[in-house]
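User: I'd like to go through a few labels in this model and see what stands behind each one. Could you help me with that?

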Amino acid sequence: HVYGHAADMDAVCSIARQHGLLVLEDAAEAHGATYKGRPVGSLGDLATFSFYANKVMTTGEGGMVVTNNQELAQRMVYLRGHAMSADTRFWHTDIGYNYRLSNLLCAVGVAQLERFQYLWNGRTRVVEAYRKSLEGFAGIRIN
């Protein structure tokens with residue numbers, strides 16, 4: 001998904017099924033986008049969203065991974081928490097990471113989520129202003 005435009009997920013999912021592959025949606029720039037009435041990020045096995053400062057919704061940095069697969073969700077929680085053993089404190093059973101957003105950045109994200117429709121409408125107004133200003137110029141098309 002690029003610049004808020006959804007990929008052809010029917011084709012992507014069909015190819016993945018044919019080859020026994022998982023589908024990881026890159027929804028970094030697709031907050032609020034839909035594909036055939038379904039939210040982008042709910043079509044594959046996993047999806048990633050970016051909250052970097054230039055996105056529609058931001059926490060300043062960071063992002064999230066979403067899935068409806070419990071096994072994948074548990075694995076992600078395990079890895080993002082330094083891959084620590086559930087049985088032995090501070091024992092790392094794999095290479096893990098510290099991929100947690102701070103409470104402060106989460107609070108910024110919640111505030112952004114509460115304003116999401118306003119932010120989305122602002123983005124739409126900007127696109128329409130570009131479309132109107134650039135109509136009639138040969139070779140320029142705004143999707």
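User: Happy to start at the N-terminal end. Why is Tyr-3 counted as exposed?

Analyst: Good place to begin! This is a predicted model, where local features need pLDDT of at least 70, side-chain atom pairs count only at pLDDT 80 or more, and totals for chains, interfaces and linings use all residues. Residues are numbered from 1 along each chain as its sequence is written, and side-chain values use heavy atoms, leaving out hydrogens and water. Buried means under 20% relative accessible area, exposed over 50%, and partly exposed in between, with a 1.4 Å probe and protein chains only. Tyr-3 has 58% relative accessibility, so it counts as exposed.

User: What makes the phi of Tyr-3 worth a look?

Analyst: Its phi is near 55°, a positive value in a residue other than glycine. Tyr-3 sits in the segment before α1 (9-19); helices are DSSP runs of H or I with at least four residues, strands are E runs of at least two, and both are numbered from the N terminus.

User: Where does Lys-36 lie, and why is Lys-36 called exposed?

Analyst: Lys-36 is in the loop between β2 (34-35) and β3 (38-39). Its relative accessible area is 64%, so Lys-36 is exposed. Lys-36 is not a glycine, yet its phi is positive, about 50°.

User: And Ser-85, is it buried or exposed, and why?

Analyst: With a relative accessible area of 17%, Ser-85 falls under the 20% limit and is therefore buried. Ser-85 belongs to the loop between α2 (70-80) and α3 (103-114).

User: Which residues is Ser-85 in contact with, leaving aside neighbours within four places in sequence?

Analyst: Those are Trp-91 and Thr-93, where contact means heavy atoms within 4.5 Å.
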